[in-house]
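Please look through the chain that follows, with its sequence beside it, and keep both in view while you read. The paragraphs after it move from ring to core to strand.

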Amino acid sequence: MAKVCTIYLVRHAKAGDRAGYDGDDTLRPLSGKGRRQAVAICERLSQLIVKLPDALLLSSPYIRCIQTLEPLAAERHAVIQTEKCLAEGYDREGALELISSLPHGSVLCSHGDVIPDVMAALRRRGAEIIGDPDWRKGTVWVLERESGEITRAAAWPPPDTD
């Protein structure tokens with residue numbers, strides 16, 4: 001029987017409004033609510049990956065994605081690696097290849113255009129999607145991988161930080 005590997009795919013936490021941000025969108029930061037979501041996401045994930053020293057933290061190079069993983073990186077004393085294939089307007093095959101090769105417990109952070117498309121591609125490749133899809137900011141997709149292929153996926157709803 002193949003060993004199950006779990007990967008966590010996070011939609012970045014709440015950021016300021018795109019239309020209201022006057023500047024380079026790659027630099028748009030998390031809002032106050034987004035920072036609280038990031039801490040709550042960290043609290044949940046850290047309990048699951050605390051004893052997994054090989055787990056990696058990977059993010060889109062956009063600031064809001066990096067900031068979503070910062071509390072987890074601080075707690076783990078880990079570095080967040082940026083991956084262009086996780087950015088908006090991304091490289092689907094690169095993202096899928098990355099997901100298929102990461103160590104158990106790794107956490108990725110990406111965007112609202114990337115995650116639904118990745119999940120649709122995984123479904124076409126035979127992954128079972130458990131429950132209703134959730135594309136909201138702060139959602140965590142739990143991906144189960146066996147022999148390099150994602151076989152099951154389910155979404156945790158965003159943390160309630162109001």
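A charge is said to sit over a ring if NZ of Lys or CZ of Arg is within 6 Å of the ring centre and within 35 degrees of the ring normal. The model is predicted, and for that reason local features need pLDDT of at least 70 and side-chain atom pairs count only at pLDDT 80 or more, while totals for chains, interfaces and linings use all residues. Residues are numbered from 1 along each chain as its sequence is written, and side-chain values use heavy atoms, with hydrogens and water left out.

With the rule for charges in hand, turn to Trp156, where the charged end of Arg44 sits over the ring, 3.7 Å from its centre. Trp156 also takes part in a pairing of rings, a term which covers rings of Phe, Tyr and Trp (its six-membered ring) with centres within 6.5 Å, counted as stacked if the planes are under 30 degrees apart, as edge-to-face if over 60 and as tilted for the rest. By this rule there are two aromatic pairs. The centres of the Tyr8 and Trp156 rings are 5.8 Å apart and their planes stand at 40°, so this pair is tilted. It brings together distant parts of the chain, since Tyr8 belongs to strand S1 (residues 5-11) and Trp156 to strand S7 (residues 149-156), 148 residues apart; here helices (H or I, at least four residues) and strands (E, at least two) are DSSP runs, numbered from the N terminus. Both Tyr8 and Trp156 are buried, where buried means under 20% relative accessible area, exposed over 50% and partly exposed in between (1.4 Å probe, protein chains only).

Tyr8 leads on to Ser106, which lies in the loop between helix H3 (92-101) and strand S4 (107-110). Because its relative accessibility is 0%, Ser106 counts as buried. Not counting residues up to four places away in sequence, Ser106 touches Thr6, Ile7, Tyr8, Ala55 and Leu56, contact meaning heavy atoms within 4.5 Å.

In soluble globular proteins, nonpolar side chains tend to be buried together. A nonpolar core is a set of buried Ala, Val, Leu, Ile, Met, Phe, Trp, Tyr and Cys residues joined through side-chain atoms within 4.5 Å. The largest one here has 25 residues, and those that touch the most other members are Leu9, Leu108, Val118, Met119, Leu122, Trp141 and Leu143. Two or more residues come from each of S1, H3, helix H4 (114-124), strand S6 (140-146) and S7, and H4 provides the largest share, six residues. Apart from this core lies another, of 18 residues, among them Ile41, Leu72, Ile80 and Cys109. As for H3, its buried residues are Gly94, Ala95, Leu96, Leu98 and Ile99, and they pack against S1, strand S2 (57-59), S4, H4, S6 and S7.

How is S7 joined to other strands? Two strands pair if DSSP finds at least two bridges between them. Strand S5 (residues 128-130) runs parallel to S7 and is joined to it by three bridges, with Ile129 standing opposite Ala153. S6 and S7, by contrast, pair in the antiparallel sense over seven bridges, and the bridge partner of Glu146 in S7 is Glu149. Their hairpin has two residues between the strands, and in it Ser147 takes a positive phi near 50°.

Finally, Cys65 is found in helix H2 (residues 63-76), and because its relative accessibility is 0%, Cys65 counts as buried. The C-alpha atoms of Cys65 and His111 are separated by 7.8 Å, although the two residues are 46 residues apart along the chain.
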